[in-house]
Amino acid sequence: MSALVQGAEAARDALVADVTAYAEQETPSDDRAALAAGLAWVRSYVEGHLGAPAAERTVDGGEQGDVAVLDWDATHGGTGSIAILCHYDTVWPLGTLADWPVTIDGDRLTGPGVFDMKAGLVQATHAIAIARAHSLPLPAIRLVLNGDEEIGSPASRPVIEESVAGRDAVLVFEASAEGALKTARKGVGIFSVTTRGIEGHAGLDPERGVSAIDEMARAVLALHGSADLAAGTSVNVGTLVGGSRSNVTAGRAQALVDVRVADVAEMDRIDAALAAMRPHRDGASLEVDGGWNRPVMPRSAATAGLFRIAQEVSAEQGWHVEEIAVGGASDGNFAAALGLPVLDGLGAVGDGAHARHEWISIDGMVQRTALAAGILTRLGAGTAR
């Protein structure tokens, strides 16, 4: 058994205690006070394990959670520099713990936010501490703590992009996908389509009115028709509202649309399709708002090189790690769009993101902590450069 595996196994009880304590700090994306308290806890926790950072800054998140950027120097002869991305906000509202406390059943630990993505930060912290304890080389490490990832990172995006620029690699401790690391993610577009018509009495004067709902129905068919699943492009009208009464020709309707694309060419095609949308009848109007929330994260050659390091480390530790491309996005998409190598999904093994059955494997925490420690020491030794 390698020294890093032994170190992770020795930390098993601490991993469980730490993720439990972290999950008990409720951090919903829409509660500024709870996010402030959660970030204070996270910073105290990380510094308690890794010591005070060599440099740090906090960027005001406005209505969202602040962004903390913490830097530690290279240690034990390590060279190079990397960024680690972790978000501390969750989708769970304040008070969720009251009827869903952290619970352990055998290898399973369940609780709000443990899979997405509180276990990831705990694993990253222990991985660094274990590598240090074994006097292994570590690169300079920049930890970026984001408090608005679950709502699209509107305030944190420029901070993330600035913070990762120039780094040799970016490691994202989002949850794994059935144990697989994520080497490609789709780009995400969030759009709204609004149609307007002319209201009228639906029974007395049906020909005078122009229905915004009729226009929207045609628009929905066009939107769904622009999907190309074979090319990795999905288009989903997720919500639709409109009209005022059943006997009034609808004057307004609005749809919210989620688009996922696997490459830039499809992003351009969808942009063109949205720009070409027109109303069907005279007197009606159609407007498209919104845009691309996250760029595509392709499986670049540099990212493939990072995954090969992960494969080598897992083999040395007696198991085999897989990779996968996923439709969901993360803050790693921003780093990939800058041309940086990104390895995502280094966090928990489990399931149930954003669901009441959210859970993580304790064995998985131990295994992935050792994996992360091995990857970090390889990067510190200059393997990726």
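What radius of gyration does the protein chain have, and what would a compact globule with 385 residues have? The protein chain has 24 Å, and a compact globule would have a value near 21 Å, which agrees. The radius is taken over C-alpha atoms, and the globule rule is 2.2 Å times the number of residues to the power 0.38.

Colleagues, this is a predicted model: local features need pLDDT of at least 70, side-chain atom pairs count only at pLDDT 80 or more, and totals for chains, interfaces and linings use all residues. Residues are numbered from 1 along each chain as its sequence is written, and side-chain values use heavy atoms, with hydrogens and water left out.

Along its principal axes, the C-alpha trace spans about 85 × 45 × 40 Å. Of the 385 residues, 54% are buried, that is, under 20% relative accessible area with a 1.4 Å probe, protein chains only. Among contacts (heavy atoms within 4.5 Å) with a separation of 6 or more, 81% join residues 24 or more positions apart.

I turn now to the largest pocket. A pocket is an open set of points on a 1 Å grid over the protein atoms alone, where a 1.4 Å probe fits, with protein on both sides within 12 Å along at least five of seven lines; lining residues have an atom within 4 Å of a point. The largest pocket holds about 610 Å³, the space filled by probe spheres set on points joined across faces, edges and corners. Its lining has 23 residues, with Asp 116, Arg 185, Gly 328, Ala 329 and His 354 nearest the centre.

Definitions and conventions:
Buried means under 20% relative accessible area, exposed over 50%, partly exposed in between (1.4 Å probe, protein chains only).
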